[in-house]
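Trainee: Could you walk me through reading the empty spaces in a protein model?
Mentor: Sure, let's look at one together.

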Amino acid sequence: MLAPVAHAIAGRIPFDALLIGRGHRTCEGLVHIDDILHLQGLPASFVAEYDAVARHDSVAQFFLDCPWEPQAVSTADYAPAEPDAASLSPAGRRASADLSRAIVHDYLVRHGIRHFMIAGLESSYGLAWATLYRLTDDTPFSSAECERAKFELPGPLHRWQEAHLPRTVSQDHAGLTPLTRRELDVCLRNVRGQAPKTIAADLHLSVHYIREIIQNARRKLGIAGRKMTLQDLARRQEGG
């Protein structure tokens with residue numbers, strides 16, 4: 001059914017296993033898997049067990065934040081850090097991030113996964129993605145391979161969506177986000193918890209300019225009296 005998607009990447013990026021899925025955003029800001037459209041090289045139990053780790057999967061969250069940017073990860077990246085003196089103190093406890101990493105790490109190791117890369121898109125038909133896995137090859141996915149996936153996978157995925165799915169938005173047409181690349185970058189950093197001062201230091205810009213960018217983006221998106229969210233940035237604006 002999705003042979004063109006697999007063919008688009010086979011031979012161009014080495015992988016041992018492949019998963020192609022579709023889904024949507026939940027109100028809690030997580031990825032919900034509606035269908036596994038193609039599973040190759042991994043057992044069905046891999047999918048069945050995912051629900052138990054989904055809320056701990058930071059890579060899926062990154063994909064939800066920026067579905068157009070491929071994420072390449074090594075299973076070793078999920079290995080929890082060794083406990084330090086603070087975590088062993090009477091009041092200390094393992095950080096929730098460490099616990100989440102450990103849960104995902106164990107899940108990946110159990111299925112023999114060394115490296116994986118997720119790439120896809122979010123359109124008016126919902127989310128669609130392909131995840132490539134390396135089970136026997138201990139070579140991480142490179143930036144060049146991520147770039148190749150970024151440009152070769154969304155096209156076939158979107159053509160499949162058009163052929164098989166109803167639109168998930170009420171408008172027949174939706175305009176592009178009104179934000180510039182700079183505004184989107186700054187606002188994504190901000191809603192992920194970075195303060196304007198930190199963003200300014202990272203981008204080598206003034207704090208005043210960063211605050212101005214955020215306020216201008218809020219005006220464009222019609223946000224008043226509340227915090228900006230990832231859903232605000234992901235929402236496509238109705239064409240005028």
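Mentor: We'll go through a cavity, a pocket and a few residues around them. This is a predicted model, so local features need pLDDT of at least 70 and side-chain atom pairs count only at pLDDT 80 or more, while totals for chains, interfaces and linings use all residues. Residues are numbered from 1 along each chain as its sequence is written, and side-chain values use heavy atoms, with hydrogens and water left out.

Trainee: How many cavities of 30 Å³ or more does the structure hold?
Mentor: General idea: on a 1 Å grid over the protein atoms alone, a cavity is a set of points where a 1.4 Å probe fits but cannot get out; a pocket is an open set with protein on both sides within 12 Å along at least five of seven lines; lining residues have an atom within 4 Å of a point. Points are joined across faces, edges and corners, and the volume is the space filled by probe spheres set on them. Here there is 1 such cavity, with a volume of about 310 Å³. It has 20 lining residues, and the closest to its centre are Y50, D57, I118, T131 and Y133.

Trainee: What is the lining of the largest cavity made of?
Mentor: Count Ala, Val, Leu, Ile, Met, Phe, Trp, Tyr, Cys and Pro as nonpolar, Asp, Glu, Lys and Arg as charged, and the others, Gly among them, as polar. That gives 18 nonpolar, 1 polar and 1 charged.

Trainee: And the second largest pocket: what is its volume?
Mentor: About 260 Å³. Of its 15 lining residues, R55, H56, D57, S58 and Q61 are the closest to the centre. Helices are DSSP runs (H or I, at least four residues), as are strands (E, at least two), numbered from the N terminus. α3 gives the most to this lining, with 4 residues. The lining splits into 8 nonpolar, 4 polar and 3 charged.

Trainee: Is H56 buried or exposed?
Mentor: Buried means under 20% relative accessible area, exposed over 50%, partly exposed in between (1.4 Å probe, protein chains only). H56 counts as buried because its relative accessibility is 11%. This residue sits in the loop between α2 and α3. Leaving aside residues up to four places away in sequence, H56 touches S100, I103 and V104 (contact means heavy atoms within 4.5 Å).

Trainee: Why does Q61 count as partly exposed?
Mentor: Because Q61, found in helix α3, has 24% relative accessibility.
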